[in-house]
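Visitor: I'd like a close look at a single part of this model. Could you walk me through the salt bridges and what surrounds them?

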Amino acid sequence: MEMAISFHNSSFKSPFINSSSNPKPKFLFPTQLSGLISSPLSSFNSKRTCLKFGSRTFTKPVKCSVSQAAQPAIEKRSQLKRRSDIRNIAIVAHVDHGKTTLVDAMLKQSKVFRDNQFVQERVMDSNDLERERGITILSKNTSITYKGTKINIIDTPGHSDFGGEVERILNMVEGVLLVVDSVEGPMPQTRFVLKKALEFGHAVVVVVNKIDRPSARPDFVINSTFELFIELNASDEQCDFQAIYASGIKGKAGLSADNLAEDLGPLFESIIRCIPGPHIDKDGALQMLATNIEYDEHKGRIAIGRLHAGVLRKGMEVKVCTSEDSCRYARISELYVYEKFSKTAVERVEAGDICAVCGIEDIQIGETIADKAFGKPLPAIKVEEPTVKMAFSINTSPFVGREGKYVTSRNLRDRLYHELERNLAMKVEDGETADTFIVSGRGTLHITILIENMRREGYEFMVGPPKVINKKVADKLLEPYEYFKNKEKVRNYQHCEGYDKGF
């Protein structure tokens, strides 16, 4: 295997791709060529580079192209301005690859906590179930400040069953930190979250975490991640991602696996340099998409989202839209932004920032808070369909009422439909009887978390066995199945031969 690099009329071949000492060709990641092409870069900074890997050719600009990866597909966006003092990022990865631990280190080094303050591990996992199971279930917001730039950070779950949490928050950010374990490399959920981020056109910074492990293999991880980018049809600019090597538990990062800095400075610098600021229309009509919902006993429902256009003020009259023909009016009572590890009350929020809004009692995820006179709704949030369903029904055993206080079908129905207000990946339907309900989710763990939360809240009910959800396409009944592709588990649908024959 031989790689040729050409700068318009100049070209040369890599001398170390094939050699007698290394009979197996090594698949090089483009940033690994920086030492090889360091001299031409200074004189060809504005030109384009042609990289050939086997039969494939990639043409890319010789610059930090990650900053160009999120170029908008809509022509209207080209007329918008970028806000340079804010970065909105999501941290995505497979489960147990160190996302939340890395966020802990970022918060500590940005002086969010006092020097003498006790801070528990995985501070972002505030839910009881998250702490007991050691996993992230709900996506959460926080922010830090680095050299005058505010960085809004969203920590996301790593399990595929909670992929709906990842899908809906991608509307709020312009880039992602893709955290990959230095030993395991890309895993099934890595493929899923990366695919969604690339579909949105987001910039990607790859963080090879746990680089301090004795069995770390950073070269393999970088090459495997690059191959995953190509397999997911990433653009040339997205394939030329910035790679950072880090140890979240030690709070160190660097541009080389063998030379880590004493802090996470290289990671912060890469975020500011390679993740673009938000596209905004500061003078346009107000637009904000409600991406998440929180509840406070005193303030009621709180809508969280990114302000896409205009300026939002406390006490402002707004229009809440679900579609062009369905709108209602409301008033903003309280307005918050994320400062460090808490919400801070403010009088106004400008476009590009992530904020929390109080005063709209019936706000739902996916609705748009728009200008009262000229506002228009934003596109709705779309998530993938559920794959597993279970039947929930009231307890009909002789021991009913001994372990819970909510035992009626009305209690069960209200609680299940209340879950739909913030859990977009879940569906609830009425069953065959009045006291039975069919709950559909992205996996058994997705529904199990709901069952455990309801049990702790005092609900007593019965559940049936999980069943696979089939769907009809072109009069053919399809069932989901899993297979391994390049050592990664992939979900798809296949035709059910026996069902359409009446078996």
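Guide: Let's start with how the values were made, then go through the charged pairs, and end with a strand.

This is a predicted model, with residues numbered from 1 along each chain as its sequence is written. Local features need pLDDT of at least 70 and side-chain atom pairs count only at pLDDT 80 or more, while totals for chains, interfaces and linings use all residues, and side-chain values use heavy atoms, leaving out hydrogens and water.

Now the pairs. Side chains of opposite charge can pair when their charged atoms come close. A salt bridge here is a side-chain nitrogen of Lys or Arg within 4 Å of a carboxyl oxygen of Asp or Glu, and that rule gives a count of 25.

Take Lys196 to begin with. Its side chain makes a salt bridge with Glu167, at 3.6 Å from N to O. Lys196 sits in helix H5 (residues 188-199) and Glu167 in helix H4 (residues 163-169), so this pair ties together parts that are 29 residues apart in sequence. Helices are DSSP runs of H or I with at least four residues, strands are runs of E with at least two, and both are numbered from the N terminus.

Lys196 also meets Glu199 in a salt bridge, at 4.0 Å from N to O. Those two both belong to helix H5, three residues apart, which is about one turn of the helix.

How do they sit with respect to the surface? Buried means under 20% relative accessible area, exposed means over 50%, and partly exposed is in between (1.4 Å probe, protein chains only). Lys196 counts as buried because its relative accessibility is 11%, and Glu167 is buried as well. Glu199, on the other hand, is exposed, with a relative accessible area of 52%. Zoom out a little and you find Glu167, Lys196, Glu199 and Arg442 linked in a network of salt bridges.

For another pair within a helix, try Glu419 and Arg415, whose side chains meet in a salt bridge at 3.0 Å, N to O. Both lie in helix H9 (residues 409-419), four residues apart, about one turn of the helix. Both Glu419 and Arg415 are buried.

Last stop, the strand. Five of the five residues of S23 (residues 354-358) are buried, so the strand is largely enclosed by the rest of the structure. Ile354, Ala356 and Cys358 are on one side, with Cys355 and Val357 on the other.
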